[in-house]
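Got the viewer open? Let's take a walk through this structure, one selection at a time.

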Amino acid sequence: DVIEFTVTDCSLEENKIFPWHISEKELDKIYQPKNNIRFIKGVEWDLLDDASKEIFKKNDFIISEQSDRMGYRLSGTPLVLQKPTELISSATDTGIVQLLPEGNCIILMADHQTTGGYPRIASVIKADIPKLAQAGPGSTIKFACVSLQEAESAFTQMQKILTEIKNACYFNFKKI
């Protein structure tokens, strides 16, 4: 296979080993700690009863074997709404945590549907989506509630790290 790219002023030996790498320290800034997933409260957070809010914030959840690119199904202590509620379908986004009728949750992932009618109790912050995507079935995760400002700051920091890595790759490629 041939991958075309715009840099044309260099030649690569067939088995060239690049003189750089991404250290675990750099990756740890994005992916660690592995099982802590930060979230902001969703638009239907207040539909949960108080005990369920505490369970969501304090208990561990396991990513189910029925998970896929559409969504990570979680198993754990079932959550309960204050009272049964029917919702109209609303827009969804990657990272939305929906509460299913049996009390388990699903986190919408890359190939999620565009709308859904289950309560959107939380949203995984964008900075933690890559970390969550690396967790597979059988992995245990724990949620931590953060403010919108903390979520924005974490996203900005992640973008900065990724830009630094991208620039280092480009700079080191140019030196070859």
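Before we start, one term: a residue counts as buried under 20% relative accessible area, as exposed over 50%, and as partly exposed in between. Keep in mind too that this is a predicted model.

Select aspartate 93 first. Is this residue buried, exposed or partly exposed? Its relative accessible area is 38%, so aspartate 93 is partly exposed. Now add lysine 126: the two form a salt bridge, with the closest N and O atoms 3.0 Å apart. The partners sit 33 residues apart, so to speak, in distant parts of the chain: aspartate 93 is in the loop between strand S4 (90-91) and strand S5 (96-99), while lysine 126 is in the loop between strand S8 (120-124) and helix H3 (129-134). Lysine 126 is partly exposed as well, because its relative accessibility is 34%.

Next, colour the strands. Seven of them make a closed barrel in the order S1-S8-S5-S6-S3-S2-S9, with mixed pairing. From one strand to the next, the twist averages 40°. Zoom in on S5 and S8, which run antiparallel and are joined by three bridges. Which residue in S8 stands opposite glutamine 98? Pick arginine 120 and you have found it. In general, strands of a sheet pair through backbone hydrogen bonds, either parallel or antiparallel.

Stay with the barrel strands and select aspartate 60 and lysine 142. This is another salt bridge, with 3.2 Å between the closest N and O atoms. Here the pair ties strand S2 (residues 60-63) to strand S9 (residues 140-145), linking distant parts of the chain across 82 residues. Aspartate 60 has 44% relative accessibility, so it counts as partly exposed. Lysine 142, at 27%, is partly exposed too.

Now show helix H2. This helix lies across S1 (36-41), S2, S5, S6 (105-108), S8 and S9, and runs at about 120° to S9. Within H2 (residues 50-58), click on serine 52. Serine 52 counts as buried because its relative accessibility is just 2%. Setting aside neighbours within four places in sequence, serine 52 is in contact with Leu79 and Val80.

For the last stop, select aspartate 128 and lysine 131. Their side chains meet in a salt bridge at 3.8 Å, N to O, and both residues are buried. Add Arg38 to the selection: salt bridges with shared partners join Arg38, Asp128 and Lys131 into one network. If you'd like to keep hunting, the salt bridge count comes to nine.

Conventions: Residues numbered from 1 in each chain as written. Predicted model: local features only at pLDDT ≥ 70, side-chain atom pairs only at ≥ 80, totals over all residues. Heavy atoms only, no water. Salt bridge = Lys/Arg side-chain N within 4 Å of Asp/Glu carboxyl O. Helix = DSSP H or I, 4+ residues; strand = E, 2+ residues; numbered from the N terminus. Buried < 20%, exposed > 50% of the residue type's maximum accessible area, 1.4 Å probe, protein only. Contact = heavy atoms within 4.5 Å. Pairing = 2+ DSSP bridges. Axes fitted to C-alpha atoms, helices over the stretch in contact; angles between N-to-C directions.
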